[in-house]
Amino acid sequence: MKYVDASLVKKRLNTRLLKNSLFKSLFFLATLFGLVVLAVLIIRVVTQGIGWIDWNFLTGRLSTDADRAGIMGPLLGTSWLMLVVIPVTLFLGVGTAIYLELYAKKGKLQSIIATNISNLAGVPSIVYGLLGLTVFVRAMDFGNVVLAGGLTLSLLVLPIVIVSAQEAIRAVPDHLSEASYGMGATKWQTVKNILLPTALPGILTGAILALSRAIGETAPLTVLGIPALLLPFPEGLFDTFTALPMQIYYWTLDSSLVDEYAYLASATIIILLVLMFLLNAIAVFIRNKFQHRY
Amino acid sequence: MAANSESNRVNVKEMINKNKNGKNMSNLTDAVVPAILFMIALISVLTTIGIIYTLLSEAIEFFRRVPIWDFFTGTVLRPLSQNPEFGILPLINGTIISSLIAIFVAGPIGIMTAVYLSEYATDKLRRTLKPMLEILAGIPTIVYGFFAFTFVTPVIRAIFPAVEATNILSPGLIMGVMIIPMIASLSEDAMTSVPNSMREGALALGATKLEITFKVVIPAALSGIISSFVLGISRAIGETMIVTIASGSSKNFTFDITQSMQTMTAYIVEVAGGDAPAGSTIYYSLYAVALTLFVFTLMMNLLARYVSRKFREEY
């Protein structure tokens with residue numbers, strides 16, 4: 001027993017164990033840090049804004065008078081944006097995913113497209129704003145209308161949709177498409193009748209998550225020159241519009257001039273967060289309901 | 001029965017013929033569809049080309065008017081004055097300082113979170129904590145900007161009255177909070193992929209969990225952790241709304257974090273949102289700044305991928 005002195009080991013072990021449990025609490029506190037900030041943020045926004053939300057706020061027109069201001073315009077603008085973003089991203093995203101997963105030969109071109117998509121995902125959203133400004137607003141001469149904003153946001157969230165659609169298509173078991181080929185179906189028939197319907201829940205989940213990201217995007221819209229004025233409501237793709245995040249932006253900036261604008265911004269944030277929460281809930285619901293049903 | 005089978009035979013023949021014709025149709029679809037899908041897939045490549053082309057062509061026009069050397073070494077940015085000066089250094093300075101503040105917040109907290117989730121937390125706890133943390137990443141940045149401007153800055157100023165009403169500190173801190181989930185989840189992925197046999201080996205030698213974490217898991221997962229840091233910085237560099245709202249528009253070339261500074265992204269918002277007439281030098285400066293921003297973030301993203309590939313330990 002010359003080498004191991006039990007009491008010495010125990011003494012040392014105690015300090016080491018103490019250190020371990022101290023650090024464990026430290027790590028736990030660090031994990032809570034983000035959640036505490038989140039809680040403070042949400043409590044702060046809700047307590048500030050909830051009192052301002054009423055029927056008049058939801059359906060009224062924008063106004064410089066804080067008591068009368070309503071957000072019907074931004075709400076409609078955001079809805080119009082979604083009417084562009086949903087079909088465009090679904091079409092482009094799912095098409096690209098099908099091509100990459102099922103048609104592309106494993107080669108240079110395919111890897112160029114795949115690398116390119118992952119690089120696009122890292123491009124700051126404001127750069128997309130400049131692309132939209134140059135291509136859609138000026139070169140194609142749309143002006144700062146719904147269509148230009150929607151197409152810009154579509155390109156921005158496209159990588160998310162492509163990647164999630166690829167995963168959904170990859171998750172379809174091989175025996176399903178093999179059975180389809182065995183029945184004499186052609187490739188496109190198999191894609192159209194078997195692969196896409198089976199992958200649809202996964203594709204939709206990704207698309208909805210991308211959509212909820214697009215709803216909150218502000219930077220590209222500011223670059224496109226989307227106003228937050230007392231506008232007539234947008235009625236088509238070629239109308240100027242404003243959107244919820246733009247309205248939050250202007251009310252926040254002007255809150256140093258008019259105190260009430262901070263409360264209006266809070267109230268609008270609540271609406272925006274509720275919308276995003278609903279979209280996320282739908283995505284989770286679809287994922288849970290259709291998981292592993294073949 | 002006989003008549004019946006007779007008619008059946010006819011039916012089959014007809015069916016085959018019909019199918020043959022149908023096959024021709026679907027042969028055609030099968031030939032056309034890949035081409036259409038290929039063109040759709042090219043849109044993403046076109047987007048990249050579009051971004052690079054617009055940024056480059058307009059930036060080149062800018063560099064015809066303002067020498068490239070003056071742009072990248074100038075410490076004064078006065079685009080609207082009588083004798084405009086276009087030095088990008090104040091913007092790069094603001095961008096780097098805000099990103100550094102963010103990574104000083106998100107780095108340690110993100111790693112500690114990752115350690116807790118991958119080494120200490122029970123499965124059940126991890127399954128509740130992780131989605132809650134991910135909410136942080138889903139909050140729109142405009143909301144963070146509002147929070148930084150109307151809550152964090154006043155709190156900071158109540159404690160340190162010398163801090164300006166718009167400063168780089170509070171948006172930096174909040175950007176840090178925003179990228180915590182990203183760093184935590186990427187680092188956690190790297191840590192969970194360290195094989196258990198290594199932990200068990202250390203455990204058998206008498207190491208505590210803490211010693212295992214610092215002497216085995218973190219060194220083994222280092223490449224993943226570093227690349228999560230680089231990606232976090234890249235995200236902070238490209239972040240726009242938080243800094244636009246909370247850090248003001250003073251083009252200060254200073255290292256004092258209590259002061260107002262402008263980042264590259266905030267400059268783009270300011271100039272594009274104002275009425276910079278198309279064709280003016282200010283208008284083209286937008287693209288020169290955006291090109292610089294694009295190159296910055298692209299290099300960070302490539303670096304992150306390089307680090308995680310090059311230094312990945314193979315088990």
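Okay, so before anything else: when I say "contact" today, I mean heavy atoms within 4.5 Å. Keep that in your head, and keep in mind too that this is a predicted model.

Let's start with the two chains, A and B. How many residues does each chain put into the contact? Chain B brings 75 residues and chain A brings 72. Together they bury about 6400 Å², and carbon and sulfur atoms account for 78% of that. If you're hunting for the big contributors on the chain B side, look at B:Leu37, B:Ile40 and B:Phe146: that trio supplies 10% of the area chain B buries against chain A, more than any other three residues.

Now, the charged side of the story. Between chain B and chain A there's one salt bridge. Which residues make it? B:Glu211 pairs with A:Arg16, and their closest N and O atoms sit 2.7 Å apart. Polar contacts are there too: 11 residue pairs across the interface, with both partners at pLDDT 80 or more. On the side of chain B that touches chain A, helix H1, residues 2-65 of chain B, gives the most, with 20 residues. And if you sort that whole side of chain B by class, you get 50 nonpolar, 19 polar and six charged residues.

Right, let's go inside chain A. Chain A splits into domain 1, residues 6-52, and domain 2, residues 56-290. Six residues of domain 1 and 11 residues of domain 2 take part in the contact between them. Their C-alpha centres lie 36 Å apart. The area buried between these two domains is about 760 Å², with 78% of it from carbon and sulfur atoms. Here three residues do a lot: A:Val45, A:Gln48 and A:Trp52 supply 79% of what domain 1 buries against domain 2, more than any other three residues.

What about salt bridges between the domains of chain A? The count is zero. There is one residue pair in polar contact, both at pLDDT 80 or more. By class, the domain 1 side touching domain 2 has four nonpolar residues, two polar ones and no charged ones.

Last stop, one single residue: A:Ser111. You'll find A:Ser111 in helix H4 of chain A, residues 108-120. Why does A:Ser111 count as partly exposed? Because its relative accessibility is 34%, and partly exposed runs between the 20% and 50% cut-offs. One more distance for you: A:Ser111 and A:Leu100 are 11 residues apart along the chain, and their C-alpha atoms are separated by 9.2 Å.

That's my tour, thanks!

Technical notes:
Residues are numbered from 1 along each chain as its sequence is written. Chains are lettered from A and ligands numbered from 1 in the order in which they are written. This is a predicted model: local features need pLDDT of at least 70, side-chain atom pairs count only at pLDDT 80 or more; totals for chains, interfaces and linings use all residues. Side-chain values use heavy atoms; hydrogens and water are left out. Domain bounds come from an automatic or database domain assignment. Buried area is the accessible area (1.4 Å probe) that two parts lose on being put together, summed over both. A salt bridge is a side-chain nitrogen of Lys or Arg within 4 Å of a carboxyl oxygen of Asp or Glu. A polar contact is a pair of N or O atoms within 3.5 Å; within protein, one must be able to donate a hydrogen and the other to accept it, and residues adjacent in sequence count only if both atoms are side-chain atoms. Ala, Val, Leu, Ile, Met, Phe, Trp, Tyr, Cys and Pro count as nonpolar, Asp, Glu, Lys and Arg as charged, and the others, Gly among them, as polar. Helices (H or I, at least four residues) and strands (E, at least two) are DSSP runs, numbered from the N terminus. Buried means under 20% relative accessible area, exposed over 50%, partly exposed in between (1.4 Å probe, protein chains only).
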